[in-house]
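User: I would like to go through the salt bridges and burial in this structure step by step, with the reasoning spelled out for a beginner.

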Amino acid sequence: MSPYIFTTLLLTLGLGTTMTFASSHWLLAWMGLEINTLAIIPLLSKNHHPRATEATTKYFLAQAAATATLMFASMANAWITGQWNIDQMTHPVPTTMITLALALKLGLAPLHAWLPEVLQGLDLTTGLILATWQKLAPFALILQIHPDSSTLLVFLGLTSTLVGGWGGLNQTQLRKILAYSSIAHLGWMILVLQFSPQLTLLTLLIYIGMTLSTFMIFKFNEATNINSLACSWAKAPMLTSLTPLLLLSLAGLPPLTGFAPKWLIIQELSKQDLALTATIAALSALLSLYFYLRLLYAMTMTTPPNNLIFTTPWRLLPQQTTMPLATALTISVLLLPLTPATITITTF
């Protein structure tokens, strides 16, 4: 793809997300989501491969269904209440429909089936955009509508944490593992969304930082499955020795960065008399911890197989700069002591 076309598509992607951020009218928000979707489709299909084409088609169909449902629900709300403002959703039926449409756009369980298949067909760079940037616009909308149905949000959150944990257990493809990891993290955000939007925003920012680091490490090592991680020691031993800290941070173990949002979410759920919900969410984190430990074991404690079916990575120079990777990795591992300051920043 031409650099000029690639830059234009990225700017259009940013324009769609910014338009949704700045919208208080459902038609403008819908327009921003459509611009966002149409801008990322050429990026998804830039690799001329049947899997990329299939992933693009699945993504387009899922997003088209979600935006059509969102538009129908906003029109129904305008018909019932006579207004189009996002922050004044009063009728429960349109609010529930819009919440489910945004859950489909985010990939929350049980509306998650498209996300692992789409992410598997993409390269790591485009998958990073899909797993991070594409979550911002739907989250901006779901934070504005303030759904009244706490039962629906708790159901979506618990289902996502459980499906994200169970789904990643028997996977060997790294992109599918990251997809199920995304579903599990989104479940934690949705659980606390109604009670503490600032905590949801903090969790989203930390999730983006950790996911950015993970994708950049896999891209640096040119790894797409668990077996290819065994060759990491020969190419970048220092980075390989630090990667387990990142994986454990994704799992939410102290004293790493990923422990802060899970700890605060469990504390908030306990304050809201949802101790059983907090317990189930904490137990579901053990499922995610298992497949993170699988990646850790494959990367640091195994030797590469004799019959390599991919290019030996230590014979190739890395194709990306290391400064963004070092910065993102540091934030993803060492941010826990700064959690009070981060919470203060996100409350403004």
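User: Is E54 buried, partly exposed or exposed?

Analyst: This is a predicted model, in which local features need pLDDT of at least 70 and side-chain atom pairs count only at pLDDT 80 or more, while totals for chains, interfaces and linings use all residues. Residues are numbered from 1 along each chain as its sequence is written, and side-chain values use heavy atoms, with hydrogens and water left out. A residue is called buried under 20% relative accessible area, exposed over 50%, and partly exposed in between (1.4 Å probe, protein chains only). Because E54 has a relative accessibility of 41%, E54 counts as partly exposed.

User: Which residue forms a salt bridge with E54?

Analyst: A salt bridge here is a side-chain nitrogen of Lys or Arg within 4 Å of a carboxyl oxygen of Asp or Glu. Helices (H or I, at least four residues) and strands (E, at least two) are DSSP runs, numbered from the N terminus, and the two partners lie four residues apart in helix α3, separated by about one helical turn. The closest N and O atoms are 2.9 Å apart, and the partner of E54 is K58.

User: Which residue forms a salt bridge with E117?

Analyst: E117 is partly exposed, at 36% relative accessibility, whereas its partner K176 is buried, with a relative accessible area of 18%. The closest N and O atoms of this salt bridge are 3.4 Å apart, and they belong to E117 and K176. The pair links distant parts of the chain, since E117 sits in helix α5 and, 59 residues apart from it, in helix α9 (residues 174-193), lies K176.

User: How many residues apart in sequence are the parts that K46 and D123 tie together?

Analyst: The side chains of K46 and D123 meet in a salt bridge, at 3.9 Å from N to O. K46 lies in the loop between α2 (26-44) and α3 (50-81), and D123 in the loop between α5 (114-120) and α6 (124-131), so the parts tied together are apart in sequence by 77 residues.

User: How many salt bridges does the count come to?

Analyst: The pairs already discussed include K58 with E54 and K46 with D123. By the rule given above, the count of salt bridges comes to three.

User: How many of the eight residues of α6 are buried?

Analyst: The buried residues of α6 are L124, T126, G127, L128, I129, L130 and A131. They pack against α1 (3-21), α2, α3, α5, α9 and α10 (197-221), where contact means heavy atoms within 4.5 Å. Helix α6 is largely enclosed by the rest of the structure, because the number of its eight residues that are buried is seven.
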